[in-house]
Amino acid sequence: MNRFTGFLKKEFYHIARDKRTLLILFGMPVAQVMLFGFAITNEIKNAPISILDHSRDHVTTAITNQLLSSGYFVLYDNLFSERDILTSFQKGRVKEVIVFGENFAQQLGREGTANIQILADATDPNTANTLVNYTKAIIHSYQLTLNRSKTMPIQIIPEVKMLYNPEIKGVFMFVPGVIVVILMLVSALMTSISITREKELGTMEVLMVSPLSPIQVIIGKVSPYLLLAFINTIVVLALGKFVFGVPIRGSMALLLAEGLLFIITALSLGILISTIASSQQTAMMMSLMGLMLPTILLSGFIFPVSSMPWPLQWLSNIVPAKWFLRIIKNIMLKGATFHSIWLETTILAGMAALFLTVSAKRFKLKME
């Protein structure tokens, strides 16, 4: 019995001394519960919208105030012409635009009916449907309030239009998201495991005594994965277009160039992980937990980022997949040009440069 007690103590001491094991045992469950609990929700809050109000009277102002005070919407900007609508959507900043016609209150008082146009970004069908339903419910509630004091009931008719995906096909959302996940999986995960395998097998010492510089070693290791990931991008794009009918309305050259930029960013993350991890298993865990989960949960692929608490919204800004997903959706579904996605491209390029610099320095230190 004493031997068994001693053995148990030894095992507890062994676990307590291993910080990585403690982190997995206690840190991972807490992180998972917090992440899933806050990120996975069907309720949408603080969705950015724009208002195009040609009338600017007391009725349109009251409806706008009710929309913005509901907690479901926040005003991104006030538009001044119909031309601003498509530009606003292409930049990917707003999810919905409400358009009030001219003389709205006068028409409502004179004829008893008036129309409100609701334009929704249907590249994410679930979000678009939910936002339109929220808007119609708020307008209906305001209409009931007005009719309480009138003998002749008035009617406000919402005219809904789903832009970029009028048939509300879910595949329009999943194909761009799947491309992002595949590129991150192939580029970061495979690269980190490949380099860590060299360290485990001891073949890294051979590279250390070779005349190759650290940069040349890195380029040699990641080049095959760069090519494979690029081929994967083309294959998934072709499947999406010819099998599922997902349109590519923007420039194919721009789309592939942005894909190449994201692959380089993911590869640099893979190299960075390989300089930290001491084994293939650790590299795989770090890649899956540190990259794959944020790519799926915090990029806006499945759950809208604007509905998450502000700490997760802030955290999502350091997830490269969030910016690339915006880019690929805007190019494929909205036909956006570089002018509309320059901010996302600049952020992604900055991340790639930072990760490459840190990875190269750490890799050089490891080789020395």
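Q: Which residue in β2 is the bridge partner of Ile51?
A: In this predicted model, Ile51 has Asn78 of β2 as its bridge partner. Ile49 is likewise bridged to β2, where its partner is Leu75.

Q: What makes β1 and β2 count as paired strands?
A: Strands pair if at least two bridges are found between them. Six bridges join β1 (residues 47-53) to β2 (residues 73-79), so the pair satisfies the criterion. The two strands run parallel.

Q: What makes β1, helix α3 and β2 a right-handed unit?
A: The crossover is right-handed because, with the strands pointing away from the viewer, the path from the first strand over the helix to the second runs clockwise. In this β-α-β unit, the helix is α3 (residues 58-69), together with β1 and β2.

Q: Why are β2 and β5 said to stand at the edges?
A: The open sheet has five strands in the order β2-β1-β3-β4-β5, with mixed pairing. β2 and β5 (155-163) each have a single partner strand, so one side of each is left without a neighbour in the sheet. From one strand to the next, the twist averages 25 degrees.

Q: Which strands does helix α5 lie across?
A: Helix α5 (residues 104-111) lies across β3, β4 and β5. With respect to β4, helix α5 runs at about 135 degrees.

Q: How do you know that Glu344 and Arg93 form a salt bridge?
A: The criterion is a side-chain nitrogen of Lys or Arg within 4 Å of a carboxyl oxygen of Asp or Glu. For Glu344 and Arg93 the N to O distance is 3.1 Å, so the pair qualifies. Glu344 lies in helix α14 (residues 338-367) and Arg93 in the loop between α4 (83-90) and β3 (96-100), so the contact ties together parts that are 251 residues apart in sequence.

Q: Why is Glu344 called buried?
A: Buried means under 20% relative accessible area. Glu344 has 0% relative accessibility and therefore counts as buried.

Q: What joins Arg93, Arg326 and Glu344 into one network?
A: Arg326 and Glu344 also meet in a salt bridge, at 3.7 Å from N to O. Salt bridges that share partners join Arg93, Arg326 and Glu344 into one network. Arg326 has 29% relative accessibility, so the term for this residue is partly exposed, which lies between the limits of 20% and 50%.

Q: What do Asp121 and Lys334 tie together?
A: The side chains of Asp121 and Lys334 meet in a salt bridge of 2.8 Å, N to O. Asp121 belongs to strand β4 (residues 113-121) and Lys334 to helix α13, so the pair links parts that are 213 residues apart in sequence. Asp121 is buried, with a relative accessible area of 6%, and Lys334 is buried as well, at 7%.

Q: Why does Lys329 have no salt bridge?
A: The nearest side chain of opposite charge, Asp124, is 4.6 Å away. A salt bridge requires a distance within 4 Å, so Lys329 and Asp124 do not meet the rule. Lys329 is nevertheless buried, and its place is in helix α13 (residues 320-334). Not counting residues up to four places away in sequence, Lys329 touches Thr123, Asp124, Met173, Pro176, Gly300 and Lys334.

Methods: Residues numbered from 1 in each chain as written. Predicted model: local features only at pLDDT ≥ 70, side-chain atom pairs only at ≥ 80, totals over all residues. Heavy atoms only, no water. Helix = DSSP H or I, 4+ residues; strand = E, 2+ residues; numbered from the N terminus. Buried < 20%, exposed > 50% of the residue type's maximum accessible area, 1.4 Å probe, protein only. Lys, Arg positive; Asp, Glu negative; His and termini not counted. Contact = heavy atoms within 4.5 Å. Axes fitted to C-alpha atoms, helices over the stretch in contact; angles between N-to-C directions.
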